[in-house]
Amino acid sequence: MGWLFYTDRRVQNYADKKAEITRLCTFETDARRTTLVKASKVGSTWYAAAKVESLDSAPLEDRTYVIDKDGSFTFGAVFLTRYDDGCWGYKDMEESAGPCESRAPLSILNLLSELKDSDSYAHAWRQRCRDWAAIPDYAEGDKIKLVAPVTLSDGSTCQFVTATHYRRGHQKRRCYRIEETGSLVRLSKASLAGSTLISREIAEGSAVLAEFFAGQGA
């Protein structure tokens, strides 16, 4: 499915967006009813858990999900959102479609029904979400081994780094010191996926990097 934009511009703030996600996850047929259980916004993407229940005497059956003890099943959904010329729009995907965005919180994943196929797109998506949630929030001075060498902008690589910081005005900004060279770099959270803590010690922030950013007009 492609993008759908609301040209009446009725969706403007967080409450409007959540209300619209709730509406999109709430629908009913003669035999089934779907309702939103929980929704969470991560960046511009919304992650939702939606429950499907039977409205007649026939028990639910589904090719993807194991039916829960109460006769229902709950699936995951992803809503990409953005504004275009002031108009809010979305693109929705069910987890079994294998969406690329995979940062759903554990509070959403824990609500979803068991999957029948461990090799399905939905299973892979859930695992990527769990891998993202499992990335540690490293403390100052933590020595870290990345799961694989990361290529930097100058073509060099690093795999062993120490969490530190630099100061930008009155704010502390996270960076990492490369063990082999002592150089300081910024790493995305995705770069830390699968990383391991080697040791822990106290490290000081970098005045050198702070001076560099000040020279860049930061």
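**Asking why: strands, domains and salt bridges**

Modeller: Let's start with strand β7 (residues 142-151), which pairs with β11 in the antiparallel sense over four bridges. This is a predicted model, where local features need pLDDT of at least 70 and side-chain atom pairs count only at pLDDT 80 or more, while totals for chains, interfaces and linings use all residues. Residues are numbered from 1 along each chain as its sequence is written, and side-chain values use heavy atoms, with hydrogens and water left out.

Colleague: Why are β7 and β11 called a pair?

Modeller: Two strands pair if DSSP finds at least two bridges between them. β7 and β11 have four bridges, so they pair. Within this pairing, Asp-142 stands opposite Arg-200 in β11.

Colleague: And what makes something a strand or a helix in the first place?

Modeller: Both are DSSP runs, numbered from the N terminus: a helix is H or I over at least four residues, and a strand is E over at least two.

Colleague: Which sheet does β11 belong to, and what makes a strand an edge strand there?

Modeller: The sheet is open and antiparallel, with five strands in the order β10-β9-β8-β7-β11. Its edge strands, β10 (184-185) and β11 (196-200), each pair on one side only.

Colleague: How do you know where the domains begin and end?

Modeller: The bounds come from an automatic or database domain assignment. It divides the protein chain into domain 1 (4-134) and domain 2 (142-215), and their C-alpha centres lie 35 Å apart.

Colleague: Why is Asp-85 called exposed?

Modeller: Here buried means under 20% relative accessible area, exposed over 50%, and partly exposed in between (1.4 Å probe, protein chains only). Asp-85 reaches 63%, so the word exposed applies. Asp-85 sits in the loop between β5 (73-84) and β6 (87-94), and has a positive phi of about 55 degrees although it is not a glycine.

Colleague: What makes Arg-9 partly exposed?

Modeller: Its relative accessible area is 42%, so Arg-9 falls in the middle class. Arg-9 is found in the loop between β1 (4-5) and α1 (14-24), and it too is not a glycine yet has a positive phi of about 55 degrees.

Colleague: How many salt bridges are there, and why does Arg-10 with Asp-8 count as one?

Modeller: The count is nine. The rule asks for a side-chain nitrogen of Lys or Arg within 4 Å of a carboxyl oxygen of Asp or Glu. The closest N and O atoms of Arg-10 and Asp-8 are 2.6 Å apart, so the pair qualifies. Arg-10 is partly exposed at 44%, and Asp-8 is partly exposed at 47%.

Colleague: What about Arg-23 and Glu-20: how do you know that they form a salt bridge?

Modeller: Their closest N and O atoms are 2.5 Å apart, so the rule is met. Both residues lie in helix α1, three residues apart, about one turn of the helix. Arg-23 is partly exposed at 47%, whereas Glu-20, at 6%, is buried.

Colleague: Which parts of the chain does the salt bridge of Glu-95 and Arg-126 link?

Modeller: With closest N and O atoms 2.8 Å apart, Glu-95 and Arg-126 form a salt bridge. The pair links distant parts of the chain, 31 residues apart: Glu-95 in the loop between β6 and α2 (106-109), and Arg-126 in helix α3 (residues 121-133).

Colleague: Are those two residues buried or exposed?

Modeller: Glu-95 has a relative accessible area of 0%, so it is buried. Arg-126 is at 6%, so it is buried as well.
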